[in-house]
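Thanks for coming, everyone. I would like to spend a few minutes on side-chain contacts, so please look at the model while I talk.

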Amino acid sequence: MFKKIMKGGSRKLSRNESNDPSMYGFDPPGRSGPGSNMVVNHASRGSPVPSSPVSRAATQLPPMYSVEPLPLFRDVPVPERQTLFLRKLQICCFQFDFTDTLKNAREKEIKRQTLLELVDFIQSGSKMINETCQEEMVKMISVNIFRCLPPASHENTGQEPADPEEEEPYLEPSWPHLQLVYELLLRYVVPSDTDTKVAKRYIDHSFVLRLLELFETEDPREREYLKTVLHRIYGKFMVHRPFIRKGINHIFYRFIYETERHSGIGELLEILGSIINGFALPMKEEHKLFLIRALIPLHKPKPIAIYHQQLSYCIVQFVEKDYKLADTVIRGLLKFWPVTNCTKEVLFLGELEEVLEATQPVEFQRCMVPLFQQIARCLNSSHFQVAERSLFLWNNEHIVGLIAQNRSVILPIIYGSLEKNIESHWNQAVHGLSSNIKRMFMEMDPELFEECQQQYEEKQATWKAVEEQRQSRWRRLDEAVEEQERLGGGEDYMITS
């Protein structure tokens, strides 16, 4: 059967015949005809990639017009396995419509089995395939994974975008095939015996760029594979490292300043967390600018809750790598501190604690005044979770040590907020925690505590006097109006202090 397949269809097609879709029954790989399954390109998505698997190696083999099962690798002699490998790649270049599960069911299963065989064959050792086979394999992978992503639900309806956390994720119908294609790519990229000098000819900048564009897919399974593949490429191909970082940078800029919608921000941040961990010291200026221009502004978008855990890890990695960046990071957090979003504020407080835990005393002193002015506002928040989370900062021994060293500056800033919580906060937990922290400061420095208490009482007395004076003016105004109405006069009254 294998000899028949190899001999069949060897007649060379004329130019007109090769352009005639009716010759194939259905469109061959790389061709988009009237009956092909196209996805309409969308303005917010990546452009479609020309999927033309024509190459000098492929032209040596007769084209395949239908999907038929081929022999297993173990059933053919070793010298013929490279040719069989190319034939199997041709089968895997055929595209099918997965919106109809019954359509081309036999051909879909043949392609799935062929992909499984290719994965096993590559896993047994990439040295077994020559450069031509590697080139054709990367082209087959490109034909399958690089495609137009379907538009998000809100883009065609004209409705306001829903909360990404509440949306049902779109699952790719062709995943049974796509998963195996990604497995094949992983088996090619990961092994240590893969020759990077050869592989980088095919895993080039264009391939990496299109891979980055796929992170916008809504299917979480595909994003997980993309994360692993890109991470492996970054580790294996040093020539691509600056390009990958720059590409991720551009995705972040577009997300922050234009769309505020991207499905793969969390996965890209996970990759960056590992990359940042490997930065050499002293840190390059390029990396510091990336922190200032991309990572810190990522605190601005509304859907931060989706990727905050990964973002926080990246931020803390920078501070742990270079403690001098702590002041820059803390001031950046204060710049983007939420005003009305309490859920976001709780996330910021959690991240702030992690950053402070890696902060040295010298850097802490540079930003402690604006920092604790913000913490004082959080202490008095009517949202009990914000107030409670800010009070929990005193449960961290390192932060308490930093506060103790600078208590003469910090206690006067927050004393009033603690007293207000004890006097009037509606939540009992916040009331109790505020009392404990007040007691901690009293034991830490009784003289400073008494001084702050006296200043607070003086401020309160002054405020009460001002308030009484204001109320007195209103009373006098009311009395003057009543007197004027009683006398029936129409002259205006001006009350003086």
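Which kind of contact joins the side chains of Glu-109 and Arg-112? The two meet in a salt bridge, with a distance of 2.9 Å from N to O. I should say at once that what you see is a predicted model, and that everything I quote is computed from it. Both residues belong to helix H4, which covers residues 105-123, and they are 3 residues apart, about one turn of the helix. As for their surroundings, Glu-109 counts as partly exposed at 35% relative accessibility, and Arg-112 counts as partly exposed as well, at 27%.

That pair is one of 23 salt bridges found by a search of the whole structure, and I have picked out a few others to set beside it. In helix H5, residues 131-145, Glu-135 and Lys-139 are 4 residues apart, again about one turn, and their side chains form a salt bridge at 3.6 Å, N to O. Here the two partners fall into separate classes of exposure, for Glu-135 is buried with a relative accessible area of 14%, while Lys-139 is partly exposed at 24%.

Helix H17, residues 361-379, gives another example: Glu-363 and Arg-366 lie 3 residues apart in it, so about one helical turn separates them. Their closest N and O atoms are 3.3 Å apart, in a salt bridge. Glu-363 is buried, with a relative accessible area of 2%, whereas Arg-366 counts as partly exposed at 49%. Besides such pairs there is also a network, in which salt bridges with shared partners join Arg-147, Glu-172 and Glu-222.

Let me turn to the aromatic rings. How many aromatic pairs does a search of the whole structure find? The count is 16, and one of them is formed by Phe-255 and Tyr-307, an edge-to-face pair with 5.8 Å from centre to centre and 75 degrees between the planes. Phe-255 sits in helix H11, residues 241-259, and Tyr-307 in the loop between helix H13 (285-295) and helix H14 (308-321), so this pair ties together parts of the chain that are 52 residues apart in sequence. Phe-255 and Tyr-307 are both buried.

What about Tyr-415 and Tyr-456: how far apart are the centres of their rings? The centres are 5.7 Å apart and the planes stand at 70 degrees, so this pair, too, is edge-to-face; the cut-off for that class is over 60 degrees. Tyr-415 belongs to helix H20, residues 407-424, and Tyr-456 to helix H22, residues 446-487, so the contact ties together parts that are 41 residues apart in sequence. Both of these tyrosines, Tyr-415 and Tyr-456, are buried.

Rings also gather into a cluster, where ring pairs link Phe-73, Phe-85 and Phe-121. One member of that cluster, Phe-73, has a charge over its ring as well, since the charged end of Lys-88 sits there, 5.3 Å from the ring centre. A similar arrangement involves Lys-108, whose charged end sits over the ring of Phe-98 at 4.7 Å from its centre.

Finally, a word on the surface. Trp-474, Leu-477 and Val-481 form a nonpolar patch there, and together they have about 260 Å² of accessible area. Val-481 is placed in helix H22, and at 39% relative accessibility Val-481 counts as partly exposed.

Definitions and conventions: Residues are numbered from 1 along each chain as its sequence is written. This is a predicted model: local features need pLDDT of at least 70, side-chain atom pairs count only at pLDDT 80 or more; totals for chains, interfaces and linings use all residues. Side-chain values use heavy atoms; hydrogens and water are left out. Rings of Phe, Tyr and Trp (its six-membered ring) pair if their centres lie within 6.5 Å; planes under 30 degrees apart count as stacked, over 60 as edge-to-face and the rest as tilted. Helices (H or I, at least four residues) and strands (E, at least two) are DSSP runs, numbered from the N terminus. Buried means under 20% relative accessible area, exposed over 50%, partly exposed in between (1.4 Å probe, protein chains only). A charge sits over a ring if NZ of Lys or CZ of Arg is within 6 Å of the ring centre and within 35 degrees of the ring normal. Patches are made of residues with over 30% relative accessible area and no salt bridge: like charges are joined within 9 Å, nonpolar side chains (Val, Leu, Ile, Met, Phe, Trp, Tyr) within 5 Å. Accessible areas come from the Shrake-Rupley method with a 1.4 Å probe; for residues, only the protein chains shown count as cover. A salt bridge is a side-chain nitrogen of Lys or Arg within 4 Å of a carboxyl oxygen of Asp or Glu.
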